[in-house]
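The following explanation is intended for a reader who meets this structure for the first time. Please keep the sequence and the model in view while reading.

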Amino acid sequence: KAKSGGGNGYRLYNPAMERVEAVAMQIEQGLHHAVCNDSLVLHYQPQVDLRSGRITGVEALLRWKQPDGSLLPPMQFLPIAEETGQIVPITSWVLEEACTQLARWNHAGLDIRMAVNLSGVLFARTDVHTMVMAAIERHKVNPAQLELELTESVLIRRAKLFNRQLEKLRQLGVAVAVDDFGTGYASLSYLSRLVIDRIKFDKSFIDRLEHNQTDQTIVRSMIMLCRNLGIRIIAEGIERPEQARWLARHRCEEGQGFYFGKPMEAAQIAGLVRASLPGWQKDGNSPVSEE
Ligand code: C2E
Ligand code: MG
Ligand code: MG
Ligand code: MG
């Protein structure tokens, strides 16, 4: 008995569907309070220069703290938030929080990038340019420190809709990255016509890198193409040192993945960044005030 999409009333009698809808309803109602409730949390995952090992930036990843203290991963509530429109206040919160944290790190002497994920439906529902600008100005962060991640599929489907908004942001120095690149159908030549600063190679390529010659060839040529087009590159989902070494050897600039660090609380980031800087010593005398 499938989830008939037919609107024939049939699904009302499907107990499995009813459960799914009950859970969705619960999430929707809970989310309503989440933004004002202080129950949304950002974790940060390091992005690393593969040659020097230096941490160049972090990606902000959203979690929702539950009453029992557990953290709900984004895929369990963001799709619902996109449907209901709650994605707008949620993203506004994410941008505020990310810029607040970035300003704190700047204040503590750290110069790193902050990558924030943007859902495609956002562009149909609100003026993203104004939303991003508000956060940047309020917290006085350098626009060049901010990077907006949009998935490949979103960029293809909605290019017309938000190319103008993205272009305006880019003129201010905000960078745009294509997330999960390689999972959709975008060709690099197509992407190069959009406004794009960085491409994030999807984890699925990186997973098979060590044993799959075809994937090696694909990744190698993507790296070369990007370099020739002046697009920055980062590989996602690096879990093993062999992958990091292979990518560095083939001139992939940056990497991100559990091998370098899982998404973590803000408090853990500053120490890691300092430890990754050249010339840093365990008993060095510098570290600035606590952040
Ligand atoms: P994404 O932007 O592609 O983020 C990478 C996801 O892969 C994260 O999952 C991260 O924890 C996970 N990951 C990173 N390195 C590794 C690795 O080495 N191995 C494995 N197995 N996984 C790795 P997470 O945090 O559950 O986020 C899932 C997705 O939710 C994100 O995918 C992004 O599309 C979306 N998302 C997260 N935060 C936000 C947000 O604030 N706004 C919007 N619109 N979407 C968000
Ligand atoms: Mg991302
Ligand atoms: Mg990704
Ligand atoms: Mg993903």
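**Ligand 1 and the two magnesium ions**

A polar backbone atom of L62 lies 3.1 Å from a nitrogen atom of ligand 1. The model in which this contact appears is a predicted one. Two further contacts may be considered alongside that of L62. The side chain of E239 places a polar atom 2.6 Å from a nitrogen atom of ligand 1, and a polar backbone atom of F258 is 2.8 Å from an oxygen atom of the ligand. On its own, ligand 1 has 800 Å² of accessible area, and the protein covers 81% of it.

The surroundings of ligand 1 can now be described as a whole. The ligand is surrounded by 23 residues, of which R63, N117, D179, E239 and F258 are the closest. The space that ligand 1 takes is the largest pocket. Two elements, β2 and β6 (175-181), give two or more residues each to the shell around the ligand. Strand β2 gives the most, with four residues.

Attention may next turn to the metal ions. Which residues coordinate the magnesium ion that is ligand 2? The donors are E59 (OE), N117 (OD1), E149 (OE) and D179 (OD), at 2.0 to 2.2 Å. Along the chain, these donors follow the spacing E-x57-N-x31-E-x29-D. Distant parts of the chain are linked in this way: E59 belongs to strand β2 (residues 55-65) and N117 to strand β4 (residues 113-117), and the two are 58 residues apart. E59 has a relative accessible area of 4% and therefore counts as buried, since that value is under 20%. N117, by contrast, is partly exposed, with a relative accessibility of 29%.

The magnesium ion that is ligand 3 has protein donors from D179 (OD), D180 (OD) and E236, the last of which is listed twice (OE), at 2.1 to 2.5 Å. The spacing of these donors along the chain is D-D-x55-E. D179 coordinates both magnesium ions, ligand 2 and ligand 3, and the ions are 4.2 Å apart. This bridging residue is buried, because its relative accessibility of 6% is under 20%. D180 is partly exposed, with a relative accessible area of 25%.

The backbone of D180 also merits attention. Most residues other than glycine have a negative phi. D180, which is placed in strand β6, has a positive phi of about 55° although it is not a glycine. A second residue with a positive phi is D38, where the angle is near 70° and the residue is again other than glycine. D38 lies in the loop between α1 (15-37) and β1 (40-49). Its relative accessible area is 61%, so D38 counts as exposed, the value being over 50%.

One further loop residue completes this account. Where is Q256 placed? Q256 is found in the loop between β9 (254-255) and α12 (266-276). With a relative accessibility of 2%, Q256 is buried. The side chain of Q256 makes a polar contact of 3.0 Å with the side chain of K200.

Note on methods:
Residues are numbered from 1 along each chain as its sequence is written. Chains are lettered from A and ligands numbered from 1 in the order in which they are written. This is a predicted model: local features need pLDDT of at least 70, side-chain atom pairs count only at pLDDT 80 or more; totals for chains, interfaces and linings use all residues. Side-chain values use heavy atoms; hydrogens and water are left out. Donors are N, O and S atoms within 2.8 Å of the metal (3.2 Å for Na, K and Ca); water is not among the atoms, so sites may look incomplete. Buried means under 20% relative accessible area, exposed over 50%, partly exposed in between (1.4 Å probe, protein chains only). A residue is near a molecule or strand if one of its heavy atoms lies within 4 Å of it. A polar contact is a pair of N or O atoms within 3.5 Å; within protein, one must be able to donate a hydrogen and the other to accept it, and residues adjacent in sequence count only if both atoms are side-chain atoms. Accessible areas come from the Shrake-Rupley method with a 1.4 Å probe; for residues, only the protein chains shown count as cover. On a 1 Å grid over the protein atoms alone, a cavity is a set of points where a 1.4 Å probe fits but cannot get out, and a pocket is an open set with protein on both sides within 12 Å along at least five of seven lines; lining residues have an atom within 4 Å of a point. A molecule sits in a cavity or pocket if more than half of its atoms lie within 2 Å of its grid points.
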